[in-house]
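Biologist: I should like a close look at a single part of this model, set in the context of its chain.

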Amino acid sequence: MNLSSSYASPKPAGGLELWSWVFMRISGLLLLGLALGHLVLMHLIHNVDEISYAFVATRYAGWFWRTYDLLMLILAMLHGMNGARILIDDYVHPVRWRRLALGVLYVGCGGLLALGAGVALFFQPVSH
Amino acid sequence: MQLDIQIKRFNPEQDREPQWREYTVTLEPTDRVLDALHAVKWHHDGSLAFRRSCAHGICGSDGMMINGRNRLACKVLIKDLRQPIMVEPMRGFPVVKDLIVDMAGFFDKYRSVRPYLISDEAPPRTERLQSPAERERYEDTTKCILCGACTTSCPSFWANSAYVGPAAIVQAHRFIFDSRDQGRAERSAILNQASGVWRCRTIFNCTDACPRGINVTKAIGEVKKLLVKAATRPPHPPPTRD
């Protein structure tokens, strides 16, 4: 067997687990900044009592906060979902239970993601 | 001094479940846990089974869980432990008898990462030379004695025994980062599988457990980074040697 030939064309070219690991690190760092920004804005600069429908409507008048919230939502949901997928992969061994758990996870996360994204993308203020 | 030691005993021919038994032995505070096990076996119960060989922290035979942590019985002094000392087999391996575990799967995984120099170059007339810096690159992982303390302290391994485990990754690291070795792609392909390095959750139990002080989690992280680099860079030809 010529081992040099295997060296010349490295096999590891990605894979779900590799990219999942990369995503968790990048999304974790981004979420740290985004969540801290959210915390400062919603709990330090503004009091929770001030947050009302009108506050949200004003905030969502432009695209900056919509994009900010949408990015945070997507990253947080995918980061959390992937973490839960890893836990299920580690601890739920019977194939049927694993499939069921993953199914519930994907449907639940997908539903929440779609709901949140719908609000961030299509929110229209209603005048009272 | 009088020492109380509790040992998790299991005789597959008699017991359905492991059970704790307590012994009181007379030892010096500067004696080791291995001496306590010897005292039990030689003076109280000759049926106690445990592995040991060099008794000086080199062979890695007497890895076991002592007061909740994986240690080598020959490297832990009595005076450094809280009494009663609790001794049980390493977790995650099938127990053969008492403190003896079946390490066949462990060594299968060790062999799976090709833990030997791979090179299709003609053997030189003298040694395969490398610089001190090249040697230093994998110095830490040469210290592994294959005791199994890291792998059996890893929750990912407890949860899924298909995981190749920290010890096998350490062994792979030792050759992957050796400038004389040409088997990086083969080992990378093995470690890039779902049961490879990606099952490491960076919990650091392995680093804490290693009786040789190897930075196991760091070594696993270096292999992960190498795999990411390989996946994001185009294939390159093998290095040439002058």
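Biologist: What does the accessible surface of chain B come to, and what percentage belongs to carbon and sulfur atoms? Within that chain, where does Arg199(B) lie, and which residues does Arg199(B) touch?

Modeller: This is a predicted model, in which local features need pLDDT (confidence per residue, 0 to 100) of at least 70, side-chain atom pairs count only at 80 or more, and totals for chains, interfaces and linings use all residues. Residues are numbered from 1 along each chain as written, chains are lettered from A and ligands numbered from 1 in written order, and side-chain values use heavy atoms, without hydrogens or water.

The accessible surface of chain B is about 11900 Å² (Shrake-Rupley, 1.4 Å probe), and carbon and sulfur atoms account for 50% of that area. Of the 242 residues in chain B, 51% are buried (under 20% relative accessible area). The C-alpha trace of chain B spans about 65 × 35 × 30 Å along its principal axes, and the chain holds 8 helices and 7 strands (DSSP runs of at least four and at least two residues).

Arg199(B) is found in the loop between α6 (184-191) and α7 (205-209) of chain B. With a relative accessible area of 7%, Arg199(B) is buried. Leaving aside residues up to four places away in sequence, Arg199(B) touches (heavy atoms within 4.5 Å) Ser156(B), Asn160(B), Tyr163(B) and Ala194(B), together with Asp89(A) and Asp90(A) of chain A. The side chains of Arg199(B) and Asp90(A) are also joined by a polar contact (a donor and acceptor pair of N or O atoms within 3.5 Å) of 2.7 Å.

Technical notes:
Buried < 20%, exposed > 50% of the residue type's maximum accessible area, 1.4 Å probe, protein only.
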